[in-house]
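Trainee: I would like to learn how to back up each term with a value. Can we go through one structure together?

Mentor: Yes. Look at it first, then ask.

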There are 2 protein chains.
Amino acid sequence: MSKQIWKGGALLAPVPPVLVSCGSLESPNLITVAWAGTVCTHPPRLSISVRKSRYSYPLIRESGEFVVNLPTQKLLRAVDWCGVKSGRDVDKFKEMHLTAAPASTVGCPILEESPLNLECKVFQVLELGSHDLFLADITAIQVDESLLDAQGKLCLDKAGLLAYAHGSYFSLGSQLGTFGYSVRKKKKPRR
Amino acid sequence: MSKQIWKGGALLAPVPPVLVSCGSLESPNLITVAWAGTVCTHPPRLSISVRKSRYSYPLIRESGEFVVNLPTQKLLRAVDWCGVKSGRDVDKFKEMHLTAAPASTVGCPILEESPLNLECKVFQVLELGSHDLFLADITAIQVDESLLDAQGKLCLDKAGLLAYAHGSYFSLGSQLGTFGYSVRKKKKPRR
């Protein structure tokens, strides 16, 4: 390969362009966040990064609660729109014809139309520059039964999730393998 | 939708299953990390989470340096294998026929076969439970010229990147839109 050296930039990809719900059931808001990631398995924890200037910032900061709603291809327009519009000016749920439903462990709503909702409670906030990092415990998950097989196992590949890379939204393509496939013994053929 | 409520779990998806290089050029190591995310735009910063028990942990902790190498479909087997094998037992670069090349701002190597390498310097480490969170500045990027168009613009969609969701690796599928598409004015047709 022939490489060029560039200055640093936020080019990790793909990242998850999630719809974060916050506020109250009566006055909910949505913000699209692609600077999100899992940070710990046990206890289950994730992070989202939000600019201080965003309408959602004080809603999350003061309540210490938010919900990460995984978006599907059907929600693509809402994902983009909620990333450029402000809750100061519009009721995003109303304008996008979306539904705020009760969460089970936090006071802010989930996005009903998302098939997987991660309810989160903030345990630490770090100021990093343009964005503040909210580190949070995942206190409960709501999962739509359409994503479960007959044995109740989650089939997330059925969801039609979205990925974000360098300013573009992508669908997920083919499933190429499962974790550990490279070291699993192949089953011997029966004789 | 009809939802079930589950206890919390690390189900944010998709996440980037990156190959993290660390150690020295003479004695390099690779570890696959899917618990990774962008955390700040200005300055450009990202995070990776690593278990204390991993061979790479002290290499990163003591040097304060690592490189996030974005994997492509050609690197899928290495991505999986480097996530289950330990650098204590094997030379991962050698076994996977991969090349450690010099970075420009850190002492650890980049993975030459990855078309986009994010060189990182750690500025903070947080103990979160099973994993420690390494927060790092992205100090330089190496990008393969095959990803640049005639104007030198990065076309990351050409890379064939991988995504990880709930234990499976996926290719990226169709490009569905670009950031801001939902509010852009359509060009008027010429008369």
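Trainee: How many residues of chain B are in contact with chain A?

Mentor: This is a predicted model. In it, 82 residues of chain B are in contact with 82 residues of chain A. A contact needs C-beta atoms within 7 Å.

Trainee: Which elements of chain B supply that side?

Mentor: Those giving two or more residues include β1 (3-7), β9 (116-127), β10 (132-144) and β12 (168-178) of chain B. β12(B) gives the most, with 11 residues. By type, the side divides into 43 nonpolar, 29 polar and 10 charged residues.

Trainee: What makes the relation between the two chains a two-fold axis?

Mentor: Take the rotation. A turn of 180° with 0.0 Å of shift along its axis superposes chain B on chain A, with an RMSD of 0.0 Å. That is how a two-fold axis relates copies. The same surface serves both copies, as 100% of the contact residues of chain B recur in chain A.

Trainee: Which residue of chain B comes closest to the rotation axis?

Mentor: B:G173 does, with its C-alpha at 1.9 Å.

Trainee: Why is A:L172 called buried?

Mentor: Count its surroundings. A:L172 has 24 other C-beta atoms within 10 Å. The cut-off for buried is 20 or more. The count of 24 meets that, so A:L172 is buried.

Trainee: Where is A:L172 found, and what is it in contact with?

Mentor: A:L172 lies in strand β12 (residues 168-178) of chain A. Leaving aside neighbours within four places in sequence, its contacts include A:L161 and A:A163 from chain A, and B:F170, B:L172 and B:G173 from chain B. In space, A:L172 and A:Q73 are 9.7 Å apart, C-alpha to C-alpha, and in sequence they are 99 residues apart.

Trainee: How do you know that β1 of chain A pairs with β10(B)?

Mentor: Pairing takes at least two bridges. Strand β1 (residues 3-7) of chain A is joined to β10(B) by five bridges, so the two strands pair. They run antiparallel. One of the partners is easy to find: A:W6 has B:I141 as its bridge partner in β10(B).

Trainee: Which strand of chain A pairs with β3(A), and over how many bridges?

Mentor: Strand β2 (residues 18-23) of chain A pairs with β3(A) over six bridges, in the antiparallel sense. A:C22 stands opposite A:N29 in β3(A). The two strands form a hairpin, with four residues between them.

Trainee: Why is strand β3 of chain A described as largely enclosed?

Mentor: Six of the six residues of β3 (residues 28-33) of chain A are buried, so the strand is largely enclosed by the rest of the structure. Check both directions. A:P28, A:L30 and A:T32 point one way, A:N29, A:I31 and A:V33 the other way, and all are buried. In a regular strand, side chains alternate between the two faces of the sheet.

Trainee: Which residues of helix α2 of chain A are buried, and what covers them?

Mentor: In helix α2 (residues 76-84) of chain A, the buried residues are A:A78, A:V79, A:D80 and A:C82. Their cover includes β2, β3 and β12 of chain A, together with β12 of chain B.

Trainee: And chain A as a whole?

Mentor: Chain A has three helices and 12 strands. Of its 191 residues, 49% count as buried.

Technical notes:
Residues are numbered from 1 along each chain as its sequence is written. Chains are lettered from A and ligands numbered from 1 in the order in which they are written. This is a predicted model: local features need pLDDT of at least 70, side-chain atom pairs count only at pLDDT 80 or more; totals for chains, interfaces and linings use all residues. A residue is buried if 20 or more other C-beta atoms lie within 10 Å of its own, exposed if 12 or fewer, and partly exposed in between; C-beta atoms are placed from the backbone. Copies are superposed by least squares on the C-alpha atoms of residues with pLDDT of at least 70 in both. Two residues are in contact if their C-beta atoms, placed from the backbone, lie within 7 Å. Ala, Val, Leu, Ile, Met, Phe, Trp, Tyr, Cys and Pro count as nonpolar, Asp, Glu, Lys and Arg as charged, and the others, Gly among them, as polar.
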